[in-house]
Each structure stands twice: as structure tokens, then as C-alpha cells.
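Me: Please take a close look at one part of this model, the nonpolar core. I would like a connected account, with the cut-offs stated.

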Amino acid sequence: MNKNRLSTFAAVAASLLSLSACNRAGAPAHTDTDREGAEIFFADPTVFVDNGKYYLSGTRNQEPLGFALLESDNLRDWHYARPDSMILRKGEGVFGDKGFWAPQFYKLGDKYLYLYTANEQVTMAQADSISGLFTQQNIEPIDASEKNIDPFLFRDDDGKFYLYHVRFNHGNFLWVAEFNPETGHIAEGTLRPVFKNTQPWEHTGAYPSDPIMEGPTLIKLDGTYYLFYSANHFMSPDYAVGYATAPTPLGPWTKNEANPVISRKIVGEKGSGHGDVFTDRDGTLRYVYHVHNSDSVVSPRRTRIVSLRVDKSKGQPYSITADPESVIVPVRK
């Protein structure tokens, strides 16, 4: 989700459209768009595979504030993993009172970590099970020194953790730092920018804004690091996904010349971006993302899943492309 602080009145109006009728505190997070057989309206979605099941969470922009969790056996049909649907709720042992965006799961030993954005600050909560209620021992963000959003936690083969995220500077830009998940803090002296906005697709001008890159997700394939990210304002029809590669988690990065790999021209829907890469039970690489509500309305945004094809024929870096014939429209069951 794009959170450019220079959003215009139009952006504010569009965000209001994304708010559904409020439920009383403690009630299930069910709305008129959240019924059996309906599409799922999670923006900035993430899918986590655990014990043979798929779990889906994402930005809801509705009361009660926080995050819900859906479960599936097949990626198409989803049901709530908890009776009240919510795994993290405003005011219940977690940081933040607004702007609950862009979550990510990470399993660390017998604990489940849940990284998310609230109040334009990256935050981390934990629970004993993926469908448990996520809370914090110390109710605070990871780095309160400045605004930062859109977390993605990656653990390399040597055991080091890296926190990819977004910081503001007349736009949204990707940053990375070594991270200690036990303390919940960035390692001092390791914070650095990833790369700048350099490719034409990253700033098409279809929606006026400062440069924007966000929604990072990192995977490692045969020793090479692939960093997926979204560019353009989230209200732009040209919001899309590309990737860059590097020999280390810190770079140096080389952007894929064929970017973007997910866009409206490829998957057929506007505003296609900001998601997460995961491997399904059959070993297929997939990307979960959101799209605009329709050709003329941005929010509430709809959730989609697409398969990624990895062509290794020319060696590293591999060519990764989306298969538009594989797009899944997840629904509530």
C-alpha cells in the first residue's frame, strides 16, 4: 500500500471509499464484501505456508482495526482461522492506533512473528501459534527515530537476519538493515538504502506523486538474491512489480531489464502490486498481490495470486515471469 504523505484530496477520498461499515469492538470483522462466496479484499497481502495449509493476511482498512487471518487448503477457497477472525487488534497488547498495513509472518523456532506497519512505524508482535492473538512484551515500534513502513524479514543461510522496509524522503524508498528478532531492534550501524528509482516503469506519471518504491520481498535462488518490489503510487493504474538481483543481501543490486514482471498489461487488472512471494505445496513459486477494485475505483482493493515461472536456461540471474493464465481469484467459503 502506498502511503506517500503528499497524497492529494483525491487520495483521501479514495481511502474513504475503502472503509466498510464499522462493527462494534470485539465483533467479527465481517462486511458486505466479506461473505461466503465473495472475493477477498485484502491489500498488501501475504501468504504463509505452515503445516500443509495456506494462511492469508493483509491490510483491511476497516473496524475493528488490526489484522484478520484466513486459512485454505487450495489457495482458492478461504475461511477464517479464528472464530472472531482477528489475530491482532488495536489496543490489545500491540503498538498502534491507526494505519495497520502490510503484514508479514515469520516462524522462528516455536514462535510466530508478525511484522506490520502501524502509525507509519514498523512493528513486530508474536504468538505461540499462527492463529493465536499476536501481542508485544514491549509495546513499541522497531525504530521510532523516523517513519518506516512495509517490513519484510529475511534470514540468510548463515543465520543473519535482514529487515527490508521503506523510509520517506520526498518519496518512498527501500532500505535494509541487519536485524535481531530476539530484541526486535535493527543492528546499529547497518542501515543502508537499497537502490534508487532508475527505470521508466517505476514512475510513469499516470498518477502524480513523488517517486515511490515499496512492498519489498526477498527470496534466494541457488545463491542469488531476488528482491521483488512495487513502484508508482498505489492509486496509479501503473502500480506494478519488478525485481532486482544481487550476490549478497546488501547488494550491489542489478534490476531486471524486463521489469515490470507483474502489471496491468500482464495480468489484465489495474494497480497490480504490493504482495509477497511464496512457494506452494507443489513447489511452484507464486506471488500474492492486490489490484484496484475496478477500472474506475481503487478501493477496496481485491486480492489475487499468480504463478511465477523461473527460467534457468541462461544461468544466473534467472528470468522470472508471471503466468497470466494462472491468476487465482481467492474467495470466502
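**The largest nonpolar core**

Reply: Among the 25 residues of the largest nonpolar core, those that touch the most other members are Tyr-164, Leu-174, Phe-195, Leu-218, Leu-227 and Trp-253. The model is predicted: local features need pLDDT of at least 70 and side-chain atom pairs pLDDT 80 or more, while totals for chains, interfaces and linings use all residues. Residues are numbered from 1 along each chain as its sequence is written, and side-chain values use heavy atoms, without hydrogens and water.

A nonpolar core here is a set of buried Ala, Val, Leu, Ile, Met, Phe, Trp, Tyr and Cys residues joined through side-chain atoms within 4.5 Å. Buried means under 20% relative accessible area, exposed over 50%, and partly exposed in between (1.4 Å probe, protein chains only).

At least two residues of the core come from each of strands E7 (101-108), E10 (148-155), E11 (161-168), E12 (172-180), E15, E16 (224-231) and E17 (240-246). Strands are DSSP runs of E, at least two residues, numbered from the N terminus. A second core, separate from this one, has 20 residues, including Ala-81, Leu-88, Phe-105 and Ala-127.

Beyond residues up to four places away in sequence, Leu-174 touches (heavy atoms within 4.5 Å) a list that includes Phe-195, Met-213, Leu-227 and Tyr-229. Met-213 is also in contact with Asn-197, a residue of the loop between strand E14 (192-193) and strand E15 (213-221). Asn-197 is partly exposed, at 23% relative accessible area. The side chain of Asn-197 reaches the backbone oxygen of Glu-202 at 3.4 Å.

Conventions: Helices (H or I, at least four residues) and strands (E, at least two) are DSSP runs, numbered from the N terminus. A polar contact is a pair of N or O atoms within 3.5 Å; within protein, one must be able to donate a hydrogen and the other to accept it, and residues adjacent in sequence count only if both atoms are side-chain atoms.
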